[in-house]
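Reader: Hi! Could you walk me through a few strands and pockets of this protein?

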Amino acid sequence: MYEALTVQKLYDLSQTIAAGLFENVTYPWEVLPKIGAFIRALGASLPKSDYEKAGEDVWIARDAHVYPSALINGPAIIGKGAEVRHCAFIRGNAIVGEGAVVGNSTELKNVVLFNKVQVPHYNYVGDSILGYKAHMGAGSITSNVKSDKTLVDVVVGQERIHTGLKKFGAMLGDHVEVGCNTVLNPGTVIGRSTNIYPVSMVRGFIPENSIYKKQGEVAHKQPQERA
């Protein structure tokens, strides 16, 4: 087991309505095939005083702000105080956490966004988990399918973890900051409180509390730099 890649090391489960999804799971990508069914079960149990059913398998918190031009396909849950902005496209199998921001022309598909996540400008996030207060800069995206369509591995140094998944974008730990116009390649896992330079091309595992400058150049944060 690679401890640094586990749910326990990457995420504070008190910061998501989807904590139950991660029960009996070692690595976070194991939940990707289960998101849709989990949403349907959870949505049906949400209190009507707090959530409105706004379509087939779509539940939206009554204090969430969803712009009229946004399109939300189910199954989906939009959490309390969340904001879904102009022309956002939620394709389904999506949990948007409390206080999260899904921005202009951002597209989500098969994702869990923990509370306070921000994907505010022209982002594509597919088959991915974004931890508490993770932020993706303008134009940054997850690439969730390999060009040769083979199954995705997670690369850790010289080792590979076979996931058995054809579609797997990125696992972002709590407080991760991704710079503008960055591409996170299939199978990317980024540890807590790590910063990714703008216009980066990232693959494999990047440790927590790091600054990713380019492939092969990753600095460890000094204590005063920590998020």
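**Strands and pockets**

Author: Happy to. Let's begin with a pair of strands in this predicted model: β1 (residues 51-53) and β2 run antiparallel and are joined by three bridges.

Reader: Which residue of β2 is the bridge partner of Tyr51?

Author: Tyr51 lies within β1, which covers residues 51-53. The two strands form a hairpin, with four residues between them. Across in β2, the bridge partner of Tyr51 is Ala61.

Reader: Which strand is joined to β2 in a parallel way?

Author: Look at Val58 in β2, which stands opposite Ala76. Three bridges make this parallel link, and the strand joined to β2 is β5 (residues 76-78).

Reader: Which residues of β2 are buried on one side, and which on the other?

Author: In a regular strand, side chains alternate between the two faces of the sheet. Buried here means under 20% relative accessible area. Both faces of β2 (residues 58-61) are covered, with Val58 and Ile60 buried on one side, and on the other Trp59 and Ala61.

Reader: Now the pockets! Which residues are closest to the centre of the largest pocket?

Author: The largest pocket has a volume of about 200 Å³. Its lining has 13 residues, and the closest to the centre are Arg203, Gly204, Phe205, Ile206 and Gln215.

Reader: And which element gives the largest share of the lining of the second largest pocket?

Author: That pocket has a volume of about 150 Å³. Its lining includes Val152, Asp153 and Val155. The largest share is three residues, and it comes from β15.

Methods:
Residues are numbered from 1 along each chain as its sequence is written. This is a predicted model: local features need pLDDT of at least 70, side-chain atom pairs count only at pLDDT 80 or more; totals for chains, interfaces and linings use all residues. Side-chain values use heavy atoms; hydrogens and water are left out. On a 1 Å grid over the protein atoms alone, a cavity is a set of points where a 1.4 Å probe fits but cannot get out, and a pocket is an open set with protein on both sides within 12 Å along at least five of seven lines; lining residues have an atom within 4 Å of a point. Grid points are joined across faces, edges and corners, and a volume is the space filled by probe spheres set on the points. Buried means under 20% relative accessible area, exposed over 50%, partly exposed in between (1.4 Å probe, protein chains only). Two strands pair if DSSP finds at least two bridges between them.
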